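These notes are meant for a colleague who is opening this entry for the first time. Please keep the sequence and the structure in view while reading the numbered points.

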Amino acid sequence: CLKLRESSFAGSLSAVKRMVARIKAEKPVEPEDVAIPVRSAAGEIAQVDFGYVGRLYDAAAGVLRRAWVFVLVLAYSRHMFARVVFDQRTETWLQLHVEAFAKLGGVVDTVVPDNLKAAVIRAAFGFTDDPALNRSYAELARYYGFKVDPTPPRAPEKKGRVESGVKYVKRNFFKPRDFRHADDRVVNAELDRWVAEIAGQRVHGSTGWHPLEVFVAEEQGALKALPVRAYELIHWKQVLVHPDGQIVFDRRTYPVPWRLLGAELWVRASARTVDVYGADENRVASHQRGVPVPPEIVDQYLPPERAALRHRSRSFWLERADRLGEEVGVFIREIFEAEDVLSQLRTVQAIVTHLERFPRERARAACARARYFGNHTYRGVCDILKKALDREPLPLAIVPAPTNQPEARPRFARTATELLQLKLKWEDCDELQ
């Protein structure tokens, strides 16, 4: 940025850093520069963080994967909980807290996390800013009854106990051992044993006591009791309603009311259900998680007059046509057979859905008239109903005399005599318009 503003500047990044360090050294000490030591009561605070530990073998996936160690350090006793994981997703973050509280046998008053997205979606950069918690993490905290105190950005010293704890785990547990080909379940079993027999029994450099002994003697009893019922992991996620009236969650689609197209909604997902909430916090849809949504449920969320258009099978539209009457069913079959290559599905959909808006008597009469004049178009059917021609009687059809010719005469061919006989009747008809 400096070179962009000052094209003549030729200094290096190291030179700039040395200058900043010199300025800081010459600057007088301010009250804000003093690091205030914080003393925590038993059961009051736990600090949590991740640390990268290289590539380990994932037994479930059967491959080597990037791995992290999750560390929770109790601020009073310095006793810790550690677990190896292969991602930092929200579900993993929540499950680690559940396992940690179960292992400790209780819950602290306050948890101090870093600003990772699984915990904090908006960091506070000063006293005037308010952090925003991940909704899934907030629900977990509400269930267990602990407060969340996010670490200010770029201030790792504010959670120095877990920072030191992560370094200690990496240096003392992982560095002397080769776990590249070990099952992650074996690694976590060894990690539990290491916490109890090594980390918990060492003389802590800051406190001078054995963390596990102090935890058992003083802090464990100060923890809040665990909830009676086991926590069901809840995942909140913001989603967008797509043009087809559905949202995508966990690689599956779920329908919502069609009037919410383009809206941003919230999904609250448990192991069994997917509940969708609007901006007003009201639930707008609820589905079973991981199960295909039945077609009849999908139809409920679509516009009533257009829901049937998603059905593409010929049998579906023939069945709907037959429900309107025999004349309608015969007419629709003729349309399907009118072309041997070009699909007539869209024409059939338009005609059937239009006919369903009218009484069945009118639908049947309109189809009978359209068949009589060989009009198999959507516009033709609409014109008949619009002009109420379906209420008019059909012209008298004259059956031609049998002929000995092998070729059949075209359906609407008439002799001069026949045309003269029908002349007066045709003058009173609008059908040929």
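Among contacts in the protein between residues at least 6 apart in sequence, what percentage join residues at least 24 apart?

1. The answer to that question is 58%, taken over the contacts between residues at least 6 apart in sequence. Please bear in mind throughout that this is a predicted model, and that the values quoted below are computed from it.

2. As for the overall make-up, the secondary structure of the protein comprises 14 helices and 13 strands. The protein has 433 residues, and 39% of them are buried. Its accessible surface amounts to about 26,500 Å², with carbon and sulfur atoms contributing 53% of that area.

3. One helix pair deserves a separate look. Two packed helices are described by the angle between their axes and the distance between the axes. In this model, helix α12, which covers residues 360–372, packs with helix α13, residues 378–386, at an angle of about 125°, and the two axes lie 10 Å apart. An angle that is neither under 35 degrees nor over 145, and that also falls outside 65 to 115, counts as oblique, and α12 and α13 are therefore oblique to each other. The crossing in which α12 passes α13 is right-handed.

4. Which residues make the contact between these two helices? On the α12 side they are R362, A366, R369 and A370, while α13 supplies V381, I384 and L385. Sorted by character, the residues of this contact comprise five nonpolar and two charged ones, with no polar residue among them.

5. A365 also has its place in helix α12, and it counts as partly exposed because its relative accessibility is 24%. In sequence A365 and P393 are separated by 28 residues, yet their C-alpha atoms are 9.3 Å apart in space.

6. Is Q349, which is placed in helix α11 (residues 345–355), buried or exposed? Q349 is buried, since its relative accessible area is 5%, and buried here means under 20%. When its neighbours within four places in sequence are set aside, Q349 is in contact with L309, H311, R312 and W317.

7. R259 offers a contrast to look at next. This residue sits in the loop between β10 (252–255) and β11 (264–269), and because its relative accessible area is 68%, R259 is exposed. R259 and L302 are 43 residues apart in sequence, whereas the distance between them in space is 8.7 Å, taken from C-alpha to C-alpha.

8. Two backbone angles should be checked by eye. Most residues other than glycine have a negative phi. D250, however, has a positive phi of about 55° although it is not a glycine; D250 is found in the loop that runs between β9 (246–249) and β10, and with a relative accessibility of 46% it counts as partly exposed.

9. The second such residue is A388, whose phi is near 60°, again a positive value in a residue other than glycine. A388 belongs to the loop between α13 and α14 (416–427), and because its relative accessibility is 25%, A388 counts as partly exposed.

Key. Residues are numbered from 1 along each chain as its sequence is written. This is a predicted model: local features need pLDDT of at least 70, side-chain atom pairs count only at pLDDT 80 or more; totals for chains, interfaces and linings use all residues. Side-chain values use heavy atoms; hydrogens and water are left out. Axes are lines fitted to C-alpha atoms, for helices over the stretch in contact, and angles run from 0 to 180 degrees between N-to-C directions. Helices (H or I, at least four residues) and strands (E, at least two) are DSSP runs, numbered from the N terminus. A crossing is left-handed if the near helix is turned anticlockwise from the far one by less than a right angle, and right-handed if clockwise. Contact means heavy atoms within 4.5 Å. Ala, Val, Leu, Ile, Met, Phe, Trp, Tyr, Cys and Pro count as nonpolar, Asp, Glu, Lys and Arg as charged, and the others, Gly among them, as polar. Buried means under 20% relative accessible area, exposed over 50%, partly exposed in between (1.4 Å probe, protein chains only). Accessible areas come from the Shrake-Rupley method with a 1.4 Å probe; for residues, only the protein chains shown count as cover.
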